[in-house]
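This report looks at how helices pack in one model and at which side chains face inward or outward. The sequence and structure are shown first.

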Amino acid sequence: MDIELARAMARTAFDANRSLQAILPRLKTELPEADYKAAAHDVAVAIDQVNTALLARAVAVHPVLETEIETAIREHGRY
């Protein structure tokens, strides 16, 4: 894969993870505790799967992305 596709994969992973994380506060306030814990666990699993499918694959092929991502987060607070 070329570097631009790898960047797109990484950005998609970060976007998906932000979306998944965004629902957690509402789940915490609107679900019973046990249901929230189960849902939060499932969201964490989904985030891990997105990272494995997209982010880890992209960085494995283009390791320079790791530094690029870290720099962007440090300078802009996101990638």
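## Helix α4: two sides

V64, T67, R74 and E75 are exposed on one side of α4, where exposed means over 50% relative accessible area, buried under 20% and partly exposed in between, with a 1.4 Å probe and protein chains only. On the other side, L65, I69 and A72 are buried. These buried residues cover an arc of only 65 degrees around the axis, which puts them on the same side of α4; the arc is taken from the directions that run from the helix axis to the C-beta atoms.

The model is predicted, so that local features need pLDDT of at least 70 and side-chain atom pairs count only at pLDDT 80 or more, while totals for chains, interfaces and linings use all residues. Residues are numbered from 1 along each chain as its sequence is written, and side-chain values use heavy atoms, with hydrogens and water left out.

## Length and end of α4

Helices here are DSSP runs of H or I with at least four residues, numbered from the N terminus. With 13 residues, α4 reaches 18 Å from its first C-alpha to its last, close to the 18 Å expected at 1.5 Å a residue, the expected span being 1.5 Å times one less than the number of residues. Just after α4, G77 takes a positive phi of about 80 degrees.

## Packing of α4 against α3

The buried residues of α4 pack against α1 (3-22) and α3, contact meaning heavy atoms within 4.5 Å. The axes of α3 (residues 33-61) and α4 (residues 64-76) come within 6 Å and cross at roughly 120 degrees, axes being lines fitted to C-alpha atoms over the stretch in contact, with angles from 0 to 180 degrees between N-to-C directions. That crossing makes α3 oblique to α4, given that angles under 35 degrees count as roughly parallel, over 145 as roughly antiparallel, 65 to 115 as roughly perpendicular and the rest as oblique.

In this contact, L55, A58 and V59 of α3 meet L65, E66 and I69 of α4. The residues divide into 5 nonpolar, no polar and 1 charged, where Ala, Val, Leu, Ile, Met, Phe, Trp, Tyr, Cys and Pro count as nonpolar, Asp, Glu, Lys and Arg as charged, and the others, Gly among them, as polar.

## Packing of α1 against α3

The axes of α1 and α3 come within 8 Å and cross at roughly 170 degrees, and the two helices are therefore roughly antiparallel to each other. By class, their contact has 15 nonpolar, 4 polar and 1 charged residues.
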